[in-house]
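Hi there,

Here is the structure I promised to pass on to you. Have a look at it first, and then read my notes below.

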Amino acid sequence: MKIPPDHPRAESLETREKLIEKYAAKGVVTPAGLIAHGRGEAFDYLLGEKTTSPALRAIEAGAAAMLLAEKPVISVNGNVAALVAEDIVKLSEITTAKIEVNLFYRSLDREKIIGKLLEKAGAKEILGIGRHASARIHELGSERRRVDPAGIYAADVVLVPLEDGDRTQALLKMGKKVIAVDLNPLSRTAQKASITIVDNIVRAAPKLTDAADELKREDPKRCQEILASFNNRKNLNESITLINQKLSSLAEKQKDLTVGGKRLEL
Ligand code: ATP
């Protein structure tokens with residue numbers, strides 16, 4: 001469907017179209033993935049559909065953590081592959097992170113389709129497909145427990161965009177640092193992760209790549225300083241406060257449209 005460029009939600013609708021196309025035609029995205037995206041969209045609306053300053057600070061901290069990691073891994077699901085495959089490949093090259101396909105709705109066909117999409121975006125090595133996902137995260141009941149021994153299982157830092165809370169907690173229990181990208185600052189993932197980037201993956205992924213690219217040219221001490229001064233709880237609270245302020249200012253505007261408690265008919 002052609003979205004008129006002057007539509008106030010043009011970018012958001014284009015992203016939605018992209019997901020629908022990858023769902024309907026290629027099976028990269030599942031129906032549940034489309035619904036999860038809708039949950040994200042609602043929070044994006046409240047955040048003003050832009051990368052906020054707390055998100056920028058979390059992006060910088062995330063890039064620093066990935067650069068300092070010994071075995072960083074980027075976990076990719078259907079939505080992430082559909083939306084930002086090229087950015088994920090670039091990020092993996094800059095940070096030397098491995099890319100692993102890890103799906104809630106797992107089938108070998110789907111893993112392979114997602115693998116192909118990542119390959120087309122330039123990925124040279126993709127972990128977690130088929131029999132390669134031979135290690136187990138025992139705390140997890142879902143199919144996401146199957147991981148690659150050379151990837152998520154051995155990782156010290158895992159980037160988990162658009163994640164469910166169970167796996168984040170399991171990864172933390174295994175002693176890993178978890179970087180989440182989640183538009184909902186209240187989700188279990190957002191609340192539990194070591195670093196939470198409250199932003200749309202479509203905006204956050206290229207920014208994370210740029211931040212890693214810049215930091216890589218600096219003294220590694222800079223990454224340590226960034227991490228030492230980053231407080232995820234405080235940063236999350238700032239995102240929640242921004243949403244709160246946005247809602248309060250909208251409520252104020254609504255008041256202007258009422259006289260004596262009655263809403264004016266415009
Ligand atoms: P939890 O189990 O952590 O409480 P959840 O049950 O809401 O989370 P899912 O339904 O799996 O988790 O949804 C994944 C999360 O991804 C949601 O919190 C949603 O806001 C977020 N999300 C969806 N699309 C995007 C996107 N494009 N960018 C960033 N976050 C997104």
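Where in the chain is Thr-96 found? Look in the loop between α4 (78-95) and β2 (98-101). Please keep in mind that this is a predicted model, and that the values here are computed from it.

Thr-96 is worth a look for its backbone. Most residues other than glycine have a negative phi. Thr-96, however, has a positive phi, near 55°. Its side of the story at the surface is simple: Thr-96 is exposed, with a relative accessible area of 57%.

Glu-49 also has a positive phi, near 50°, and is not a glycine either. You can find Glu-49 in the loop between α2 (31-46) and α3 (53-68). Is Glu-49 buried, partly exposed or exposed? Glu-49 is partly exposed, because its relative accessible area is 25%, and the partly exposed class runs between 20% and 50%.

Now move back into helix α2, where Glu-41 sits. Glu-41 counts as buried because its relative accessible area of 16% is under the 20% cut-off. Which residues does Glu-41 touch, once neighbours within four places in sequence are left aside? The contacts of Glu-41 are then with Ser-12 and Arg-16.

Next, try helix α8, which covers residues 201-216. This helix has 16 residues and reaches 21 Å from its first C-alpha to its last, close to the 22 Å expected at 1.5 Å a residue. Its buried residues include Ile-201, Ala-204, Ala-205, Leu-208, Ala-211, Ala-212 and Leu-215. Arg-203 and Thr-209 are also on the buried list for α8. While you turn the helix on screen, remember that an α-helix has 3.6 residues a turn, so residues three or four places apart point the same way.

Finally, here is the chain as a whole. You should be able to pick out 10 helices and 10 strands. The C-alpha trace spans about 65 × 45 × 35 Å along its principal axes. For 266 residues, a compact globule would have a radius of gyration near 18 Å, and the 19 Å of this chain agrees with that. Of these 266 residues, 48% count as buried. Among contacts with a separation of 6 or more, 63% come from residues 24 or more positions apart.

The chain exposes about 13600 Å², with carbon and sulfur atoms supplying 53% of it. As for charge, there are 42 positive and 37 negative side chains, and the centres of the two sets lie 3 Å apart.

Enjoy exploring!

Best wishes

Conventions:
Residues numbered from 1 in each chain as written. Predicted model: local features only at pLDDT ≥ 70, side-chain atom pairs only at ≥ 80, totals over all residues. Heavy atoms only, no water. Helix = DSSP H or I, 4+ residues; strand = E, 2+ residues; numbered from the N terminus. Rg over C-alpha atoms; globule rule 2.2 N^0.38 Å. Buried < 20%, exposed > 50% of the residue type's maximum accessible area, 1.4 Å probe, protein only. Contact = heavy atoms within 4.5 Å. Areas by Shrake-Rupley, 256 points an atom, 1.4 Å probe, with all protein chains shown as cover. Lys, Arg positive; Asp, Glu negative; His and termini not counted. Charge placed at Lys NZ, Arg CZ, Asp CG, Glu CD. Expected span 1.5 Å × (residues − 1).
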